[in-house]
Amino acid sequence: MKTMNLKAILLAVSLIGAAVTAQAAPTVSADTNPAANNENYTFEHLTLPAGAFNDWISFSIDGYRDLSAAISATSTSGISFSAFNLYAADQTTLLVTGLVGNPFPTLAFGGLTASAIAPTSYWINIVGTNTASSNYNGSIALTAAVPEPSTYGMLALGLGLVGFAARSRSKFSA
C-alpha cells in the first residue's frame with residue numbers, strides 16, 4: 001500500500017513538473033488589416049518560463065511588401081533579447097538582422113525592417129534569456145512596396161517613346 005502511494009506521489013510530482021516546465025509556443029493573430037495591400041499581425045508569448053528561449057514565428061505574405069516588425073517584453077525580475085531576425089522559409093537563410101535593446105533588467109525591445117520582400121513564407125526568430133516568468137508581444141506590419149520616383153519617370157519616358165513611334169508610323173502610312 002505504501003509503495004502504491006509513493007508511486008502515485010512520484011507520478012503526480014513528475015506531471016506537475018512537466019506542466020510547469022512546458023513552454024507554450026507564441027501565438028500569432030490573423031491579419032488585422034482589412035485593406036488588400038497591407039497586412040498587420042500581432043504575436044505574443046504570455047507563458048515564458050525562466051531560462052533561455054528560442055522562438056520561431058511563421059508568417060506568409062501575398063505580394064511584394066515592405067516589412068516592419070517590433071517586439072517588447074516585460075518581466076518582474078529580468079529579461080533580455082539577444083536576437084530578433086528575419087529568416088527565409090528554410091529557417092537557415094538569414095535575410096535581416098534586427099536590432100535589440102535591453103535598457104533595464106525588466107524591459108527589452110527590438111525591431112527590424114526589410115524592403116520589397118517577395119511573396120512567400122518567412123520566419124522571425126526571437127532569442128533571449130529571462131530570470132523569472134516573463135512575457136513578450138510584438139507586431140508585424142506589411143505594406144505594399146511603393147515604387148521609387150525614378151520608376152515613374154522611366155514609365156513616363158517609355159510611354160512617350162511608344163507614343164512617338166506610333167505617331168511616326170501613322171505619318172508614314174498616310
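**Contacts, sheet and salt bridge in a predicted model**

Me: In this predicted model, what share of the contacts between residues at least 6 apart in sequence joins residues at least 24 apart?
Reply: A contact is a pair of heavy atoms within 4.5 Å. Among contacts in the chain between residues at least 6 apart in sequence, the share that joins residues at least 24 apart is 76%.

Me: Which pLDDT do side-chain atom pairs need in order to count?
Reply: Residues are numbered from 1 along each chain as its sequence is written, and side-chain values use heavy atoms, without hydrogens and water. In this predicted model totals for chains, interfaces and linings use all residues, local features need pLDDT of at least 70, and side-chain atom pairs need pLDDT 80 or more.

Me: In what order do the elements of the chain run from the N terminus on?
Reply: Helices (H or I, at least four residues) and strands (E, at least two) are DSSP runs, numbered from the N terminus. The chain has two helices and ten strands, and from the N terminus on its elements run α-β-β-β-β-β-β-β-β-β-β-α.

Me: Which strands stand at the edges of the open sheet?
Reply: Six strands form this open sheet, with antiparallel pairing (at least two DSSP bridges between two strands), and their order is β1-β2-β10-β4-β8-β7. Two of these strands have a single partner strand each, so one side of each is left without a neighbour in the sheet. Those at the edges are β1 (27–28) and β7 (99–104).

Me: How many bridges join strand β4 to strand β10?
Reply: Strand β4 (residues 65–75) runs antiparallel to strand β10 (residues 134–144), and within this pairing leucine 67 has leucine 142 as its bridge partner, while alanine 69 is matched with isoleucine 140. The number of bridges that join β4 to β10 is eleven.

Me: Which residue of β8 stands opposite isoleucine 71?
Reply: β4 also pairs with strand β8 (residues 107–117), in the antiparallel sense and over nine bridges. Isoleucine 71 is on the covered face of β4, together with Arg65, Leu67, Ala69, Ala73 and Ser75, whereas Asp66, Ser68, Ala70, Ser72 and Thr74 make up the uncovered face. Opposite isoleucine 71 in β8 stands glycine 110.

Me: Is arginine 65 buried or exposed?
Reply: Buried means under 20% relative accessible area and exposed means over 50%, with partly exposed in between (1.4 Å probe, protein chains only). Arginine 65, whose place is in strand β4, has a relative accessibility of 7%, and therefore counts as buried.

Me: Which residue meets arginine 65 in a salt bridge?
Reply: The structure holds one salt bridge (a side-chain nitrogen of Lys or Arg within 4 Å of a carboxyl oxygen of Asp or Glu). The pair links distant parts of the chain, with arginine 65 in strand β4 and its partner in strand β2 (residues 38–48), 26 residues apart. Both residues are buried, and at 3.2 Å, N to O, the partner of arginine 65 is glutamate 39.

Me: What is the relative accessible area of leucine 159?
Reply: Buried residues make up 28% of the 174 residues in the chain. Leucine 159, which lies in helix α2 (residues 149–173), is exposed, because its relative accessible area is 58%.
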